[in-house]
Amino acid sequence: MKVLVIGAGNMGLTYSEGMATSPLLSKHKLRIYDTDPKKIEVLSQQPEFNVFDNLEDCLPKADVVFIAVKPFHCEELFKKMKPLINNEQLFVSLMAGVTIQLIQDQLDVKKVIRTMPNLPAQVGKGVTSYTESKEVSKIELIMVRNLLDTTGTSIHVDTENFIDASTGISGSGPAYVFYFMQSMLEAALKMGFSEFDSKVLVSSTFEGAIELFNQNDISPESWIARVASKGGTTQAAIDSMEDNNVKQLIQDAAYSAFNRAIELGKEY
Ligand SMILES: NC(=O)C1=CN([C@@H]2O[C@H](COP(=O)(O)OP(=O)(O)OC[C@H]3O[C@@H](n4cnc5c(N)ncnc54)[C@H](OP(=O)(O)O)[C@@H]3O)[C@@H](O)[C@H]2O)C=CC1
Ligand SMILES: O=C(O)[C@@H]1CCC=N1
């Protein structure tokens, strides 16, 4: 199978690196197209990829085309793609907000899968939600799922509303975790720890907590209760967060991303 990825940025390159290992590609190298000459030059040194600087040479014969440009670049890209594509090809979008309908209309194609990936795919720990237009067959869907799973795990959702919702949870989510980490790092530095020790304290705490969560069927709330002694230090911290409505604020933030994804879909 010939797979082409358009846009070799954070997401496109990450998914390319995962998918290049897929047996579904059989003898074909994964194809990458980008408009940035510097990226083309660097990627051309990597033996696992076939790198292109023009669509004419890579798009017409691709079976599956992943689109990983920023949403505001899609209109210009679709215009260039349109004369080079056909209705047998399968298009997989990684773009936030951009709807299946818009892709079908602007490219004049039928088979579209819309996904919401996330950045931990870079270390094989990504989670991708995906949904499809009705013209996509079961076999095509399984094939794309296999490709997506080369970067971690994936979940099928029934509607695009859940793609926008997963943008608010898992797509943008790594940034919320980094925000929390940054806040704790800054607190550790203020308390007088060195940068190195602050990093060890914070990253080990996150890693340990995630491992506990993953290895046991216990809710985060119950884990909090196991850390917090009555009248102790943790309770003081949790009370401070509750007094400041931190939980609500985090939920509001997730909804802001969800709503922004819906808004993005109306902008193009
Ligand atoms: N980053 C993330 O964590 C996530 C991103 N996404 C989605 O993934 C998509 C890509 O995001 P991200 O990887 O961060 O973006 P990047 O800017 O890192 O990557 C996009 C790449 O596409 C190139 N490009 C721009 N226009 C074209 C074009 N017409 N043809 C071919 N290549 C082009 C860009 O080049 P240049 O730099 O020169 O513009 C760049 O190399 C977005 O739509 C985003 O919504 C989804 C979930 C998570
Ligand atoms: O911020 C964005 O718009 C993209 C989508 C999810 C993560 N990054």
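How many Å apart do the C-alpha centres of domain 1 and domain 2 lie? The answer is 33 Å. Keep in mind that you're looking at a predicted model. Here's a quick tour, starting with the two domains and then moving to an annotated site.

**The two domains**
- The domain assignment splits the protein into domain 1, covering 3-166, and domain 2, covering 173-264.
- Where the two touch, domain 1 puts in 9 residues and domain 2 puts in 6 residues.
- On the domain 1 side of that contact, you'll find 6 nonpolar residues, 2 polar ones and 1 charged one.

**The annotated binding site**
- An unreviewed UniProt entry carries a "binding site" annotation for I6, G7, A8, G9, N10, M11, A68, V69, K70 and P71.
- These positions are spread over 66 residues of sequence, yet they cluster in space, with a largest C-alpha distance of 14.2 Å.

**A look at N10 and M11**
- Both names turn up in that UniProt annotation.
- N10 sits in helix α1, which runs over residues 10-19.
- M11 has its place in helix α1 too.
- Is M11 buried or exposed? It's buried, because 26 other C-beta atoms lie within 10 Å, and the cut-off for buried is 20 or more.
- N10 has 13 C-beta neighbours inside 10 Å, so it counts as partly exposed.
- Which residues does M11 contact, if you skip its neighbours within four places in sequence? They are A68, L94 and P117. Of these, A68 is also listed in the "binding site" annotation from UniProt.

Definitions and conventions:
Residues are numbered from 1 along each chain as its sequence is written. Chains are lettered from A and ligands numbered from 1 in the order in which they are written. This is a predicted model: local features need pLDDT of at least 70, side-chain atom pairs count only at pLDDT 80 or more; totals for chains, interfaces and linings use all residues. Domain bounds come from an automatic or database domain assignment. Two residues are in contact if their C-beta atoms, placed from the backbone, lie within 7 Å. Ala, Val, Leu, Ile, Met, Phe, Trp, Tyr, Cys and Pro count as nonpolar, Asp, Glu, Lys and Arg as charged, and the others, Gly among them, as polar. UniProt positions are given in the numbering used here, feature names are shortened, and annotations may be inferred rather than shown by experiment. Helices (H or I, at least four residues) and strands (E, at least two) are DSSP runs, numbered from the N terminus. A residue is buried if 20 or more other C-beta atoms lie within 10 Å of its own, exposed if 12 or fewer, and partly exposed in between; C-beta atoms are placed from the backbone.
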